[in-house]
Structures are given as structure tokens and as C-alpha cells.
Amino acid sequence: MSESEGAVVSGAHGFGAPNARDAVRALRPSQIREVANAGFGVADVLPFWFGESDRVTPQFVRDAASRALADGATFYTHNLGIAPLRDSLSRYVSALHGATTREHIAVTSAGVNALMLAAQLVVGAGDRVVAVTPLWPNLVEIPKILGASVDTVALSYGSNGWTLDLERLLAALTPGTRMLMINSPNNPTGWTMTRDQQRIVLEHCRRLGIWIVADEVYERLYYGDGAPGQPAPSFLDLAARDERVIAVNSFSKAWLMTGWRLGWIVAPTQLMDDLGKLVEYNTSCAPSFVQQAGVVAVEEGERFTQALVADLRASRDHLVKALQSIEGVDVRVPDGAMYLFFALPGAQDSLELCKSLVREAGLGLAPGSAFGPEGEGFVRWCYACDPARLDAGVERLQRFLAARGVA
Ligand SMILES: Cc1ncc(COP(=O)(O)O)c(C=O)c1O
């Protein structure tokens, strides 16, 4: 080996240690994962920490994927998705939110990839992004990967549950802000933005040229007083399709397809060529047979989704009632999503509490601090499972709190 080769290998040219970029190293690791890791080796854990149902994807969707595979759907597709899926989704979105064409739809590898693509489309290094928190961490961390900075506006917690101080949000949306990321119905709180709030925020963002990325993956998991199947208020109801609004959605929640990695974006047609390039350089396309199953989910899944929402509503009400009977637990009824985000005695350090809960009581909850500092003091419980399992979890919680002398 020559002297110079040896120097390169030892890093003597000043490259330093073989680390990732600073922006990547600064990302927060998932605290939910940290709690799950604390549960390794605990034989009997009831896991309510992740955002998914304990039920398998409905049979008719699994059958559609099997048929597609048997028919040889194993090839690359168009970057923006197969035409039948884009058509099905454009009809679905049109029925929920008004006229939307295939040219406004891009198929993605689920919601998280859609969020990354949306961010890649409109933000870069040095841009300012605003997000409403507590929030599923991916929305806050994704813009940071791209070198943007993220300022947060916290929801407040009071007798009406989690609420938004609209004036504070508008004040944070200053000239020069590039993007607002808003997730409604919200993970973890279930907070759902009202139509009036959306109208005012849209108006404000229009005036200042701020992009809105609306994460609407829980739009169908909404328990308002409207007709069965009515989605949560959406920015798509108010905005013309060619405004600075990008809506992100997913098959994960409304069709129980978390492991399939299928989602979509509704965006201005002017973005689509550039979005196609980004899909090419990220994933190239969503898997072909999964997209074909997606067509069947959208075309034949409405009854399933509505029945699912009815079950989730019953589970939500069941768990709220059970938790309200525990002294010191402060829990409200959320309007959407599939979580209760509630205050618990001893949760001032929610990460430590959740680790103790899993180790000592076999109860898997997500710590509130995973969703931002304003989530501290709270824990998140995903109630997408049958009531008997929820009861078993509540019993474990009661025993744990009693042993600590706090309930
Ligand atoms: C708010 C929010 N957005 C997006 C996603 C992305 O889900 P997926 O990537 O499975 O579509 C999730 C998943 O839990 C979520 O909670």
C-alpha cells in the first residue's frame, strides 16, 4: 500500500469520523421504539403503543393482491401510479371533497413517503416550516432532513380537550414561511381542525404564499355528528385544486393496510411532472400488485371502512369510560383518529413511566413526550382493538397505579 492510500484509510485527510450529515445525526430517535425496546424479554405485553389495529387487512383486499400476483403484476409501474388506481382515487376524492382528476393524484409508498415527497417538493435548506403540535414525530423531523427549520405552535389542553389558539398559529405563519404542516385529525391527540379554522388559515396562507401540507390520513376515522362515513373537514373541501395545498393520505388506516405501504397525494397538476421525478429517485413506484389491491380497496371498501369507524367509535367510548373510572386519570373524548392522549398520575416523565409500565405491568403505551415537549405528562393509547383487550389493559394500569399508591 502506498503512503497516500494508507492516509486515506486512516482518515488523516481531515474527513473526520465516518458520520452521517449533521442534520441526520440531530434527528430525534423514536421514543415509542425506546419503550418497545424496554419491553424486550417481558413475556406478556399488551401493546397499545403503535398506530395500527390488531386486525388483519380485510380478506377481499388480500384476495385482490393474491390475484394480481398470480396474474404476474410484478413489474415497475408509472412513477405516479397505475391509471386504474389514480382513476379510482380521483373518483373517491371527488365524492368526498369535490372535483378531482387523475392528473391531481399521485400514488405513493404510504403516508410517510407521501409526506417526504411533499416536503421535497416545496422545502429546502434554510426554509422555515411551521407545525401544530403535539404531533406524530415524522412530520416534524422530515423537513429537518432537508435542512429546513421547524417552529411549532402547541395546542392547549383544557376542559374541552385539545384546542387550537388560532391567533397564535396565524402569528407564527409569517411572511417568508415556506410551509405549514398540519395533521387533522391529529395523532396523538385526536384534535380535529374545524372548517372555519381551515378557512381562516387557508386565506392567510394564500395571502402570504405559504404552502399547506395537510396530513389527512385519519380523515375517515372521524366521529362527528354527520352522516355515517362523513370524513373530517378537509382543506380539499375549501381549496381549488391548483392552489398551494398538498393533501397526504394513506391506505393504512381506513382499510387496515399498514404493512402494504400504499398512499397518495392530491396536489396541483403543475407539480406532477416534478413529483414524478421525485418518486423516480425515491422509490420509482409503489409495488404493482399492491396498487392493484388498492383499486379493489377503494372500489369495494366503503362498507368495510364505515363498519370499522363504528367499531372504533365503540372502542373509543369503552376505553374513555373505563379510564375515567380511575382516580387521577384525566381523559377527554377526541373527535378523530384512534388514540386517547391522556394525563396520568406520575407521567411528568412519561418516557420513564411508559418504560416502567411495560416492564412492571406488561402494558405498552406511547409516552407523550414522543410527540413534542407539550405532550409531556400524557400518554397515548391506541384503542384500535376489541374491548376485552382494552379491559385487560385497563386492569393492568389500575394494578400498576395502585401498587404505586397513586390510584
Ligand atoms: C399523522 C400520521 N401521518 C402519516 C402516517 C403514515 O402512515 P403510513 O406511512 O402507514 O401511511 C401516520 C402513521 O401512523 C400518522 O400517524
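The domain assignment of the protein chain, in this predicted model, gives domain 1 (20-57 + 304-400) and domain 2 (59-300). The C-alpha centres of domain 1 and domain 2 are separated by 24 Å. The contact involves 31 residues of domain 1 and 36 residues of domain 2.

**Contact between the domains**

- On the side of domain 1 that touches domain 2, the elements giving two or more residues are helix 2 (22-25), helix 13 (302-324) and strand 11.
- Helix 13 gives the most to that side of domain 1, with 6 residues.

**Nonpolar core**

- The largest nonpolar core has 132 residues, of which Ala118, Ile212, Val248 and Ile265 touch the most other members.
- Helix 6 (residues 110-122) gives the most to this core, contributing 9 residues.
- At least three residues of this core come from each of domain 1 (20-57 + 304-400) and domain 2 (59-300).
- In soluble globular proteins, nonpolar side chains tend to be buried together.
- When neighbours within four places in sequence are left aside, the contacts of Ile265 are Ala106, Thr108, Ala114, Leu117, Ala118, Ile246, Ala247, Val248 and Leu275.

**Sheet of 7 strands**

- An open sheet of 7 strands, with mixed pairing, follows the order 2-10-9-8-7-3-4.
- Its edges are strand 2 (105-108) and strand 4 (149-154); each has a single partner strand, so one side of each is left without a neighbour in the sheet.
- From one strand to the next, the twist averages 20 degrees.
- Strand 3 (residues 128-133) and strand 7 (residues 179-183) run parallel and are joined by 3 bridges.
- Within this pairing, Val130 has Leu180 of strand 7 as its bridge partner.
- Helix 5 (residues 83-97) packs on the sheet, where it touches strand 2 and strand 10 (263-266).
- The direction of helix 5 makes about 115 degrees with that of strand 2.

**Sheet of 3 strands**

- A further open sheet has 3 strands in the order 11-14-13, with antiparallel pairing.
- Strand 11 (339-343) and strand 13 (366-367) stand at its edges with a single partner strand each, so one side of each is left without a neighbour in the sheet.
- Strand 13 is joined by 2 bridges to strand 14 (residues 378-382), and the two run antiparallel.
- Ala366 has Arg380, in strand 14, as its bridge partner.

**Helix 3**

- The buried residues of helix 3 (residues 31-38) are Gln31, Ile32 and Val35.
- These residues cover an arc of only 110 degrees around the axis, and therefore lie on the same side of helix 3.
- Against the buried residues of helix 3 pack helix 14 (350-361), strand 12 (363-364) and strand 13.

**Leu170**

- Leu170 is located in helix 8 (residues 166-172).
- Leu170 counts as partly exposed because it has 16 C-beta neighbours inside 10 Å, whereas a buried residue requires 20 or more and an exposed one 12 or fewer.
- Leu170 and His204 are 34 residues apart along the chain, and their C-alpha atoms are separated by 7.3 Å.

Terms used. Residues are numbered from 1 along each chain as its sequence is written. This is a predicted model: local features need pLDDT of at least 70, side-chain atom pairs count only at pLDDT 80 or more; totals for chains, interfaces and linings use all residues. A nonpolar core is a set of buried Ala, Val, Leu, Ile, Met, Phe, Trp, Tyr and Cys residues joined through C-beta atoms within 7 Å. Helices (H or I, at least four residues) and strands (E, at least two) are DSSP runs, numbered from the N terminus. Domain bounds come from an automatic or database domain assignment. Two residues are in contact if their C-beta atoms, placed from the backbone, lie within 7 Å. Two strands pair if DSSP finds at least two bridges between them. The arc is that of the directions from the helix axis to the C-beta atoms. Axes are lines fitted to C-alpha atoms, for helices over the stretch in contact, and angles run from 0 to 180 degrees between N-to-C directions.
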